Every structure is written in structure tokens, then in C-alpha cells.
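Student: Could you pick out one part of this model for a close look and talk me through it? I'd like to know what holds it together with its surroundings, and which cut-offs sit behind each term.

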Amino acid sequence: MAWFKRELKGIITTTEEKKEAPDGIWNKCPNCKKPLHYSEQVENQYVCHYCGFHLRIGSKEYFSVLFDNNEFTELFADLTSGDPLHFEDTKKYTDRLKETQKKTGLKDAIRSAAGKIEGQDIVIACMDFNFIGGSMGSVVGEKIARSIDYALEHKVPFLMISKSGGARMMEAAFSLMQMAKTSAKLALLSQAKIPYISLLTDPTTGGVTASYAMLGDINIAEPGALIGFAGPRVIKETIKKDLPKGFQTAEFVQEHGFLDFIVDRREMKEKLASFIKMMKN
């Protein structure tokens, strides 16, 4: 009887005829776990349209969101890290750099470009977390310094988009020197009365938070971004106390006076353009 005996095959598609969905078409929201189609992500500027969670994105996406018509001139694109300490852990630092460059298509953890936001000239330096955790090494500091020089020369505002796990340990003191170097350059920008806007995204931690990320004429963050120096686990183990709810989120940091605004990514371009116009006038 057909009730107890299968007379037809259940799955009749052969293995050769099966079609897989291409990688990157679908993504899952880390917060609400709902599926997001790539076209919907682009249309909604990489913010979950179900719960408003801001997905982590890199310089390519930020440039497309902020620059008019995604038109910009990339600056200092060919800078790459050396290996001053001949560092080696589980693999040589030079090998790690080559692998990461091949995997991400980036030269280092930052890209810098000049363009316009709603017709207003601006220089944007944006970090990429996919490149060794967005770590700050010599190239990151040098690109920021040269971007500031470009902003000084052309008298245009400078926007820094931070997304980093901190200083790059493979370059040790050379990484830590970038904190003082970038801070000194920003002081020149301040003396010239050229606006510096700092945008802190998820996550912004370590030496980046302790230097240029918190030195903006205006400090802005995206909703829910992790912002801090040491991580919550390290702090908890050090002070031996439970941390407050929402500790080191953008909302917590703003409440304690370290941020001026928290701005939704979908409104970011308009807010930045308004601020630049205000500063000009």
C-alpha cells in the first residue's frame, strides 16, 4: 500500500542540478536574527529595517553612504606597513599582512578620500575592522597625519570614522607613537580653525579611543556602538565589581558626557552637512 511504501522519490532534483545561493546575498541581523537581503541592506544603508540595528560596515560602504553619488578621490592609497620589529607569533607579521591584504583587498586598516557631502568639500578617513581588527599601526597614523595635512592645505573639514580594536601589537611602540603623532596633527587643525568631526562606530576601543577618536570638535557615535578603552571583561576583573547595564555603549558614554550626539546612520549625511554649513557660517 502507498501509505506504507514510497512509490515515488521524495527529492527528484539531482545533485548536479542543485543551485546554491551566491555568498553575500543574504545576511542575518546579529540582534533580531531576521534574514536581510543585500539589496535591502544597501537601500537601508546597512541598518536592519526590522530592529534598527547598525550592521558593521567598512570604508567602501561608508564612502557610498556619505559621499555625493559615491564620487571621491582616494588619497595615499599605496601606503603599506613594514616590519620594523621582524615580529613573529603564530606566523610572520609580513605573511599576516599579505594574507589579510589578499583576503580583504585593502592595503591597511584605513582608507582616506576627498569628496563632497551635499556639495560641501570634506576629507574622510575611515577605518576597516576586517583588516587585523582595525588595529592602529604606522600606516593608520601616517594616513591620518597626511589627511590632516591635505585638509590644512585645502582648508576643508576633516571627518575621522573610527572602528578599531586598538593599537597593533605587532608594531609595539611604533603603534603607540601614532597616538601622539595624530593628536599633534589635530592640534594644528584646531589652530587653523578647520573643523574636525569624529565619528565613533562599533567597536572603538584601546589606543584609538585614547587619542584621535575622542578629540573631535564634535564627537558623534552610531546607536549601540561599543566605545571604551579597556574591554568590559578586563575592567570587571580589575575592579572586582559588576558593571552597570549598557556599560560602554554609545548611549552610556553620551550620558556621561563624552559624546555630543548619537546619530542614526540613515540621517548621518544630512547631519554632517548641516554641521559643516554651520561651521562655515
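Tutor: Let's look at where domain 1 and domain 2 meet: between them they bury about 840 Å², with 54% of it on carbon and sulfur atoms. Buried area here is the accessible area (1.4 Å probe) that two parts lose on being put together, summed over both. On the domain 1 side, Gln45, Tyr46 and His54 lose the most area to domain 2, together making up 65% of what that side buries.

Before going on, a word on the model: it is predicted, so local features need pLDDT of at least 70 and side-chain atom pairs count only at pLDDT 80 or more, while totals for chains, interfaces and linings use all residues. Residues are numbered from 1 along each chain as its sequence is written, and side-chain values use heavy atoms, leaving out hydrogens and water.

Back to the two domains. Domain 1 covers 23–55 and domain 2 covers 56–279, with bounds from an automatic or database domain assignment. Their centres, taken over C-alpha atoms, are 23 Å apart. Seven residues of domain 1 are in contact with nine residues of domain 2, contact meaning heavy atoms within 4.5 Å.

What about charges? Between domain 1 and domain 2 the salt bridge count is zero, whereas a search of the whole structure finds 15. A salt bridge here needs a side-chain nitrogen of Lys or Arg within 4 Å of a carboxyl oxygen of Asp or Glu. One of them pairs lysine 181 with glutamate 142, the closest N and O atoms being 2.5 Å apart. That pair links distant parts of the chain, with lysine 181 in helix H5 (residues 173–191) and glutamate 142 in helix H4 (residues 138–154), 39 residues apart. Helices, by the way, are DSSP runs (H or I, at least four residues), numbered from the N terminus. Lysine 181 is partly exposed at 29% relative accessibility, and glutamate 142 is partly exposed too, at 24%. For that label, buried means under 20% relative accessible area, exposed over 50%, and partly exposed in between (1.4 Å probe, protein chains only).

Salt bridges that share partners also join Asp108, Arg168 and Glu171 into one network. Elsewhere, the side chains of lysine 116 and aspartate 121 meet in a salt bridge at 2.7 Å, N to O. Lysine 116 is partly exposed at 39%, and aspartate 121 is partly exposed at 34%.

Terms used
Helices (H or I, at least four residues) and strands (E, at least two) are DSSP runs, numbered from the N terminus.
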